[in-house]
Amino acid sequence: MIAFNSRLAHFSTPLFASWIAHGVGAVVALTAVLVWARSRPVSVPAPAGGRWPRWIYLGGVPGALTVLLAAITVNGPLGFSGTLALMLAGQMLFGVAADRFGWLGLERRAPTTGGLLGLGLVLTGSLVIIAAAG
């Protein structure tokens with residue numbers, strides 16, 4: 001997906017490529033929901049307290065920014081491998097922080113030695129990929 005969007009951004013703009021990716025994704029998701037709803041009834045359980053937290057609807061914002069930034073960086077000095085390496089490292093870093101501090105309603109968990117070691121290895125690998133490329 002990142003490679004396709006980046007090629008589109010190369011021939012247009014990163015913002016246009018991001019809009020196309022999310023527009024097509026919205027159409028596919030809506031079609032899947034309609035097909036799914038016809039085959040079996042859809043039941044969404046009510047949240048505790050009766051209302052969903054408002055921040056839960058912001059899930060698409062980081063995704064849109066990720067696609068936009070990836071379209072920019074893949075066509076820049078980072079290249080495809082450097083972009084993917086940094087995206088993976090960023091997601092792992094955010095995951096460890098979210099677990100540690102209980103962000104997004106998660107249960108607080110102390111990072112394990114294995115988790116921190118894995119994060120360090122991914123960060124080191126990302127730096128090696130980027131340094132070797134440029």
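Here is a short walk through the structure, one selection at a time.

Before you click anything, remember that this is a predicted model.

**Stop 1: helix 3**

Select residues 60-74, which make up helix 3. Check the length before anything else: at 1.5 Å a residue, its 15 residues should span 21 Å, and the end C-alpha atoms are indeed 21 Å apart. Now colour V67, L68, A70, A71 and V74, the buried residues of this helix. Look down the axis of helix 3 and you'll find those buried residues within an arc of 160°, so they line one face of the helix. That fits the usual geometry: an α-helix has 3.6 residues a turn, so residues three or four places apart point the same way.

What sits over the buried residues of helix 3? Show helix 1, helix 2 (14-39) and helix 4, which are included in the cover.

**Stop 2: S6, on helix 1**

Stay with that cover and pick out S6, in helix 1 (residues 2-11). Is S6 buried or exposed? It is buried, with a relative accessible area of 1%; the cut-off for that label is under 20%. To see what S6 touches beyond its neighbours within four places in sequence, add A70, A71, V74 and N75 as sticks. You've already coloured A70, A71 and V74 as buried residues of helix 3.

**Stop 3: the largest pocket**

Next, select P62, L65, T66, L69, A70, T73, L78, T83, L86, M87, G90 and Q91, the lining of the largest pocket. Its volume is about 240 Å³. Which helix gives the most to this lining? Helix 3 does, with 6 residues. Helix 4 (79-101) is the other helix to look at here, as helix 3 and helix 4 each supply at least two lining residues. If you're thinking about the chemistry of the lining, colour by class: you get 7 nonpolar residues, 5 polar ones and no charged ones. Note A70 again, which is part of this lining and also a contact of S6.

**Stop 4: helix 4**

Keep helix 4 selected and run the length check again. Its 23 residues should span 33 Å at 1.5 Å a residue, and the end C-alpha atoms are 33 Å apart, which agrees. The buried residues to highlight in helix 4 are G79, G82, T83, A85, A89, A97 and A98. T83 should look familiar, since it also lines the largest pocket. For the cover over these buried residues, display helix 3 and helix 5, which are both part of it.

Then click on L84, in helix 4. L84 is partly exposed, at 35% relative accessible area. Draw a C-alpha to C-alpha distance from L84 to A46 and you should read 37 Å, for a pair 38 residues apart in sequence.

**Stop 5: out along the loop**

Walk off the end of helix 4 to G102, which follows it and has a positive phi, near 70°. Then move to L104, in the loop between helix 4 and helix 5. L104 is one to check on a Ramachandran plot: its phi is positive, about 60°, although it is not a glycine.

**Stop 6: L121, on helix 5**

Finish on helix 5 (residues 113-133), where you'll find L121. L121 counts as exposed, at 58% relative accessibility. One last distance to draw runs from L121 to G50: 43 Å, C-alpha to C-alpha, with the two positions 71 residues apart in sequence numbering.

Technical notes. Residues are numbered from 1 along each chain as its sequence is written. This is a predicted model: local features need pLDDT of at least 70, side-chain atom pairs count only at pLDDT 80 or more; totals for chains, interfaces and linings use all residues. Side-chain values use heavy atoms; hydrogens and water are left out. On a 1 Å grid over the protein atoms alone, a cavity is a set of points where a 1.4 Å probe fits but cannot get out, and a pocket is an open set with protein on both sides within 12 Å along at least five of seven lines; lining residues have an atom within 4 Å of a point. Grid points are joined across faces, edges and corners, and a volume is the space filled by probe spheres set on the points. Helices (H or I, at least four residues) and strands (E, at least two) are DSSP runs, numbered from the N terminus. Ala, Val, Leu, Ile, Met, Phe, Trp, Tyr, Cys and Pro count as nonpolar, Asp, Glu, Lys and Arg as charged, and the others, Gly among them, as polar. Buried means under 20% relative accessible area, exposed over 50%, partly exposed in between (1.4 Å probe, protein chains only). Contact means heavy atoms within 4.5 Å. The expected span of a helix is 1.5 Å times one less than its number of residues. The arc is that of the directions from the helix axis to the C-beta atoms.
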